[in-house]
Structure formats: structure tokens, C-alpha cells
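Colleague: I want to go through this one with you and press you on the labels. Tell me what each rests on.

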There are 2 protein chains.
Amino acid sequence: MTYCVGIMLRQGLIMVADTRTNAGIDNISTYRKLHVLADTKDSLVVAASAGNLSVTQLVLGMLNEGLPSRNPDEGPRKIEHMPSMFQAAQLVGEAVMAAAAQLKPALYNAGVASGISLLLGGRIGGGPLKLFLIYDAGNFIECQPDSPYFQIGACQYGKPILDRAMTHDSTIDEAVKVALLSFDSTIRSDKSVGLPFDVMVFRNDPKLPIIKKRIEPQDPYMRNLSDRWSTLLNEGRAAIPDPPFLKEDGGVVELKTAG
Amino acid sequence: MTYCVGIMLRQGLIMVADTRTNAGIDNISTYRKLHVLADTKDSLVVAASAGNLSVTQLVLGMLNEGLPSRNPDEGPRKIEHMPSMFQAAQLVGEAVMAAAAQLKPALYNAGVASGISLLLGGRIGGGPLKLFLIYDAGNFIECQPDSPYFQIGACQYGKPILDRAMTHDSTIDEAVKVALLSFDSTIRSDKSVGLPFDVMVFRNDPKLPIIKKRIEPQDPYMRNLSDRWSTLLNEGRAAIPDPPFLKEDGGVVELKTAG
């Protein structure tokens, strides 16, 4: 499994991905899931991936070599040639469809899950930052301010904290912290998601540097965040009163007295 | 969807179930999911159910009327006749298999999801409290102290808080509170789960009354718990320092400077 989050804020764009991959629970490895698809003077496009690793690699390989052009006089079509993030998303969707056509029948016959999904984020030509979620069929949606994040992979464990805390107006600092809390909740309940995590932060101003950080298992900030969060949850839980209906006078309906 | 939790503590047994059911997102009703299967002098057996409502009702109806006996001279076999919780779980599993044989082919042809699962808890004949998880195929497992809870339905949103806080040695008061926090996380992220919630608490001592409480949407304790938890999470999040690697001197690897 995998867990990746993309967050589209008023201040910028955040992508976070874990690195655990497995072929069965007894075969676990570390594998980078945050991939740079285009890195030119004023463009940087990255993708986070979840799902079947061979299908993902086929998609990334096709995009790296470029998809065939309709016009035979033109070279292969690559992300770096696209004039907008929308057209980049279309090209990724096309690669997902082509990879599916090539691999899905054989994988289906072998009984192997072939689904993938991608988060595509970045900017092209100094244009605005964009975030897309590309589905297994190659179709896609763009992230909007009302729901400022996308998840792929093991989404549910880490969703409550995002739903509580993440808005389009969250600061980048706050949003990265909340994203890491979401990852902390996920790795506690799902051993198929694990450290290290890859974090990328794009600020709206294209002149500001793009921040790229790998959070290793021993990262002191992540350990402190995890420990403090755990302590806060325990203390917070203890501060909430016990249910009154467990007391004799709590207005309980007693179903029966056994024995 | 549905969310039900069963918790097996050193002090007793807790069952909690939501009551929301839907036939599509545009057809939502309230339906009791915590059912009494047997209620005699020294036995009380209850089941929480998740999944296809018609299959669930068929299973409950079969158990209520009793399954046919192998010996034609004997009457139908009911939960109240079973000498142990283990044999009660076997009878429920048998009913699940019989309901599947009767309904699954037609539901499959209609493209309707037919899966169900059940939590079976209680005591028989003044014996020890037991909790079983009965799967869609009719097989089952018993709850053990190392993993003191079972969930059915929309499990993932509410699992992190259970994993953090629930042990076999938790008190009943604490465990009911944690279970309600787990439900609070679930209903925030999954609109197919909702109040009212049904709670039952069995104490180890069979002479103590069994507590049965329906928590309505306006329940003041539940609203207070939800509000306080939300405040605590917000304050706790704010108390955690921001990620240092977002600062200029945080040892960040700068991938590139765009623009």
C-alpha cells in the first residue's frame, strides 16, 4: 500500500508521499513515490503514485520517453513540452490509459490488482500552481479551494485530521504539520505505509525556492511530533469526563438483570 | 454503510453500533443494528450487523425462528438453546451460510453487494462474556486480549484512536469514552455513519445489570465530548512546533530555484 497527500493552499502547494511498497506482507521495500516529471527553467511538475508498481513504472517510463505524436514530423510528447498543467494532466491520463491497455489484460488473467492513481502537482511556464488527481481510468479532477486536499492509497486513517484542520487558508507551516500528523495516524494503524516520507513545498511566488525534504525514520522533528501528539491525545482523552450513563443515576435503560 | 465496535475488556464487554442505513446516498434511514438474539434468565446474546440489510434481516429472521434440526424429533435450533457462546457463534455462522445460499446468486445477478458481517457478544448460562466476529462466509474469530476490539463497517476512520488507547485493561468508563471518540471521528469523515448510537455494556459479574443506552443526536454528553475533543485537537496541534525544514536554515535540500 501507499499513502500520498497533495494540498492546494492559498500560499502554495504541498506534496507528501511515503516510501513503503510491498509484494505481499512478507516482501516490503522502500521505493520513491514522489517523482519529478519535468524540471526546466520555469517549470517543475511532480507526481505521487499509488497502486501497482509495474503499471506505475510503465506510466513514468512512457512519460519520460515521451508519448508518440499524432504528427509523424514531431518528436515524442513530454510533460516539459506541455503549455499548461491542464495539458500535462491530459498527457499523464493518456499514459495511464496506454499502460492499462498494455498490461491490464495479462494482470487480470494473473489475478493481480492493476489499479493505480496519481497526484500531479506543480507549475508550468511560471503559471499558477495546480494539483490534479488522476484516476485509474486516466480521467482526472483538479483540486479546488472548498476541498483543498487529495489523498491516494490508504486514505481513511489519516482523513479525520485533514477534515478537521485543513483549509485553503491554512499556512504552509500549519499544513505540513497537519499532513505529517495525518501520516502519523496512518502508519500507526497500517503497517503497509511507512517512513521515510518525501515532502515537497511549492510557494506561490515562483522566485522562492522549492523545498524538498526526506523525513527519515529517525528524524527528530517527526519523532517529537509523533510523541507530543500521542501525549496530547492521551491527556485530552483523560480530560474528557466519563459517560454519565454508566453511573447508577445516569438515566440508563436497564435491559435486564442477568443471573 | 455502518460502524459497529465490540470491545472485550478485563472488566466486561461493550458493544456500540450506529443506526444509519442507506440505499444510495439519496435514501438514508435510521435502522437499529444492535439486536438481541437471546434474552433468558441467565443468558443475554446480542449481535451488531453491517452490510446488506436484506441479507442481515434474513439471518436474524432465521435465528429468531430457529434453524432446522438434524433430528426430525427435535424443534428448531435457537440461540437460547445453545450451551455456550462458541456454539451460538456456530449457529449464527450457519445462518449466515444459509442466507447466502438463498440470496447471493440473485443479488450477484442484480449487481447488488450482498456481503454482511456481525459482531456477536454476550454470555450464556452465567458463563464468561465472549465476543466473536462473524464473516460473510459464516466463519468466525473470537476476540483475544492482545487485540481487545473488533470493528465492522466503516472501520478505518475510527481505528487510529482505538489503536492508541484501547487495551484489555482499559476500564469500562474509559473504553466507552474512547469508543465514542472513535465514532465521532468516523461520522466527521463518513456521512454514511450517523447518530443515534446504541451502546450496551456487560459487566463481568453476571449479577450486575446490563446497561443499554441510545445516544440521540442531541445527547448533551456526546455533543460535549465532540466539542471538547475538537478543541483539544486544535489546541494540541497549535502546541506542536512547525516543521523546522521549512525555515531557510532548516537544512533543506533545495531541489531548484524556479523562475
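Modeller: Start with Asp198(A). Leaving aside neighbours within four places in sequence, Asp198(A) is in contact with Met15(A), Val16(A), Ala17(A), Thr19(A), Arg32(A), Leu34(A), Lys213(A) and Arg214(A). Keep in mind that this is a predicted model.

Colleague: What makes those residues contacts of Asp198(A)?

Modeller: A contact needs heavy atoms within 4.5 Å. Each residue on that list meets the cut-off with Asp198(A).

Colleague: Where is Asp198(A) placed?

Modeller: Asp198(A) sits in strand β11 of chain A, residues 197–203. The C-alpha atoms of Asp198(A) and Asp18(A) are separated by 6.3 Å. Along the chain, those two are 180 residues apart.

Colleague: How do you know whether Asp198(A) is buried or exposed?

Modeller: The relative accessible area of Asp198(A) is 3%. Buried means under 20%. Asp198(A) is therefore buried.

Colleague: And Ser117(A), buried or exposed, and why?

Modeller: Its relative accessible area is 16%. That is under 20%, so Ser117(A) is called buried too. Ser117(A) lies in strand β7 of chain A, residues 116–123. Not counting residues up to four places away in sequence, Ser117(A) touches Ala48(A), Ser49(A), Ala50(A), Ile134(A) and Ile152(A).

Colleague: What does chain A look like as a whole?

Modeller: Chain A has five helices and 13 strands. Its C-alpha atoms fill a box of roughly 85 × 50 × 35 Å along the principal axes. Of the 259 residues in chain A, 54% are buried. Take the contacts in chain A with a separation of 6 or more: residues 24 or more positions apart account for 61% of them.

Colleague: Now the helices. Why is α4(A) called roughly perpendicular to α5(A)?

Modeller: The axes of α4(A), residues 172–189, and α5(A) come within 10 Å and cross at roughly 75 degrees. Roughly perpendicular covers 65 to 115 degrees, so α4(A) and α5(A) get that label.

Colleague: Which residues meet there?

Modeller: From α4(A), Lys177(A), Leu180(A), Leu181(A), Asp184(A) and Arg188(A). From α5(A), Tyr221(A), Met222(A), Leu225(A), Ser226(A), Trp229(A) and Ser230(A). By class, the contact of α4(A) with α5(A) has six nonpolar, two polar and three charged residues.

Colleague: What about α5(A) and α5(B): why is that pair given the label it has?

Modeller: Each of these helices spans residues 220–239 of its chain. Their axes come within 10 Å and cross at roughly 150 degrees. Angles over 145 degrees count as roughly antiparallel, so α5(A) and α5(B) are roughly antiparallel. The crossing of α5(A) past α5(B) is right-handed.

Colleague: Which residues of α5(A) and α5(B) meet?

Modeller: On α5(A), Arg228(A), Trp229(A), Leu232(A), Leu233(A), Gly236(A), Arg237(A) and Ala239(A). On α5(B), they meet Arg228(B), Trp229(B), Leu232(B), Leu233(B), Gly236(B), Arg237(B) and Ala239(B). By class, that contact of α5(A) with α5(B) has eight nonpolar, two polar and four charged residues.

Colleague: How many disulfides are there over all chains?

Modeller: The count is zero.

Colleague: Why is Cys4(B) not bonded to Cys155(B)?

Modeller: The cysteine sulfur closest to that of Cys4(B) is in Cys155(B), 9.1 Å away. A disulfide needs the sulfur atoms within 2.5 Å, so this pair is too far for a bond. Cys155(B) is likewise in no disulfide. Cys4(B) is also buried, at a relative accessible area of 0%.

Colleague: What makes Gly138(B) buried?

Modeller: Its relative accessible area is 4%, and the cut-off is under 20%, so Gly138(B) qualifies as buried. Gly138(B) is in the loop between β8 (130–134) and β9 (140–142) of chain B. Leaving aside neighbours within four places in sequence, Gly138(B) is in contact with Gly93(B), Val96(B) and Met97(B). Its C-alpha atom and that of Ile14(B), 124 residues apart along the chain, are separated by 23 Å.

Colleague: Last one. Which peptide bond in chain A is cis?

Modeller: The bond from Leu195(A) to Pro196(A) is cis, with omega near 0 degrees. Pro196(A) is in the loop between α4 and β11 of chain A. In chain B, the bond from Leu195(B) to Pro196(B) is cis, with omega near -5 degrees. Pro196(B) lies in the loop between α4 (172–189) and β11 (197–203) of chain B.

Note on methods. Residues numbered from 1 in each chain as written. Chains lettered and ligands numbered in written order. Predicted model: local features only at pLDDT ≥ 70, side-chain atom pairs only at ≥ 80, totals over all residues. Heavy atoms only, no water. Buried < 20%, exposed > 50% of the residue type's maximum accessible area, 1.4 Å probe, protein only. Axes fitted to C-alpha atoms, helices over the stretch in contact; angles between N-to-C directions. Helix = DSSP H or I, 4+ residues; strand = E, 2+ residues; numbered from the N terminus. Parallel < 35°, antiparallel > 145°, perpendicular 65-115°, else oblique. Left-handed = near helix turned anticlockwise from the far one by under 90°. Nonpolar A, V, L, I, M, F, W, Y, C, P; charged D, E, K, R; others polar.
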